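Here is a short tour to read with the model open beside you. Take the headings in any order that suits you.

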Amino acid sequence: MSTATYPPPPPYYRLYKDYLQDPNSAPEPPPPIDGTYLLFGSNYTTDDVLPSLEDQGVRQLYPKGPNVDFKKELRALNRELQLHILELADVLVERPSQYARRVEEISLIFKNLHHLLNSLRPHQARATLIHILELQIQRRKQAIEDIKRRREEAQKLLKEALGTLEGQ
């Protein structure tokens, strides 16, 4: 089988042959995908919803409900993780054959930590966007002040130049 260094373009390029003369001759783009779709053999959905730990078959270690204190729960899970890692080190020294249960517990804690952090992503994105917009507003206000200052300097120089011309 031979391969070309520069393979020919896909056949649908012909749909755009008259585009320069008539931009309306190009076909309309496909409609946006809504719902579920298949990609590389896996089903995906356009709904951007974080599945619960129960949906994933994982036991939830922090309280359920909308009023979760993320800071408190993340700290508690972090302390629990540190304790389990120390226990794992102890088990590996004392009873190396019994490490599997400790590793499963650590994995469960990590999954809960990741789920808590992922549930904070929308808040993080919103706060980042607000920060970026505030910076843009601040930069624009500085640019306006700079333009006003330069305009005043130019007017001052014009008045001085007119004054020297009238004085001659």
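## Exposure, and a residue on helix 3

A residue counts as buried under 20% relative accessible area, as exposed over 50%, and as partly exposed in between. Please keep in mind that this is a predicted model. With that cut-off, Arg139 counts as exposed because its relative accessibility is 53%.

Arg139 is found in helix 3, the helix that covers residues 121–167. Try drawing a line from Arg139 to Ala26: their C-alpha atoms are separated by 40 Å, and the two residues are 113 apart along the chain.

## Helix 1 and helix 2

Does the length of each helix fit its residue count, and what span should we expect for the 25 residues of helix 1? At 1.5 Å a residue they should span 36 Å, and the end C-alpha atoms are 36 Å apart, which agrees. Helix 2, residues 99–119, has 21 residues and should span 30 Å by the same rule; its end C-alpha atoms are 31 Å apart, so this agrees too.

Which residues of helix 1 are buried? They are Glu73, Leu74, Leu77, Leu81, His84, Leu88 and Val91, and they pack against helix 2. A general point helps when reading such a list: an α-helix has 3.6 residues a turn, so residues three or four places apart point the same way.

On helix 2, the buried residues are Arg102, Ile106, Leu108, Ile109, Asn112, Leu113, His115 and Leu116. What covers them includes helix 1, residues 70–94.

## Where helix 2 meets helix 3

Two packed helices are described by the angle between their axes and the distance between the axes. For helix 2 and helix 3, the angle is about 35° and the axes are 4 Å apart. Helix 2 brings Leu117, Asn118 and Ser119 to this contact, while helix 3 brings Arg121, Pro122 and His123. Sorted by class, the contact has two nonpolar, three polar and one charged residues.

Leu117 deserves a second look. This residue of helix 2 has a relative accessible area of 36%, and therefore is partly exposed. Its C-alpha atom is separated by 8.3 Å from that of Leu74, a residue 43 places away along the chain; Leu74 is one of the buried residues of helix 1.

## The largest pocket

How much volume does the largest pocket have? The value is about 190 Å³. Its lining has 14 residues, and the closest to the centre are Gln60, Tyr62, Gly65, His115 and Ser119. Among these, His115 is also on the list of buried residues of helix 2, and Ser119 takes part in the contact with helix 3.

Helix 2 gives the most to the lining, with three residues. By class, the lining divides into eight nonpolar, five polar and one charged.

## A loop residue with positive phi

Phe40 lies in the loop between strand 1 (36–39) and strand 2 (42–45). Most residues other than glycine have a negative phi. For Phe40, however, phi is near 50°, a positive value. Is its side buried or exposed? Phe40 counts as exposed, because its relative accessibility is 80%.

Terms used:
Residues numbered from 1 in each chain as written. Predicted model: local features only at pLDDT ≥ 70, side-chain atom pairs only at ≥ 80, totals over all residues. Heavy atoms only, no water. Helix = DSSP H or I, 4+ residues; strand = E, 2+ residues; numbered from the N terminus. Expected span 1.5 Å × (residues − 1). Buried < 20%, exposed > 50% of the residue type's maximum accessible area, 1.4 Å probe, protein only. Contact = heavy atoms within 4.5 Å. 1 Å grid on protein atoms, 1.4 Å probe; cavity = no way out; pocket = protein on both sides within 12 Å on 5 of 7 lines; lining within 4 Å. Points joined across faces, edges and corners; volume = space filled by probe spheres on them. Nonpolar A, V, L, I, M, F, W, Y, C, P; charged D, E, K, R; others polar. Axes fitted to C-alpha atoms, helices over the stretch in contact; angles between N-to-C directions.
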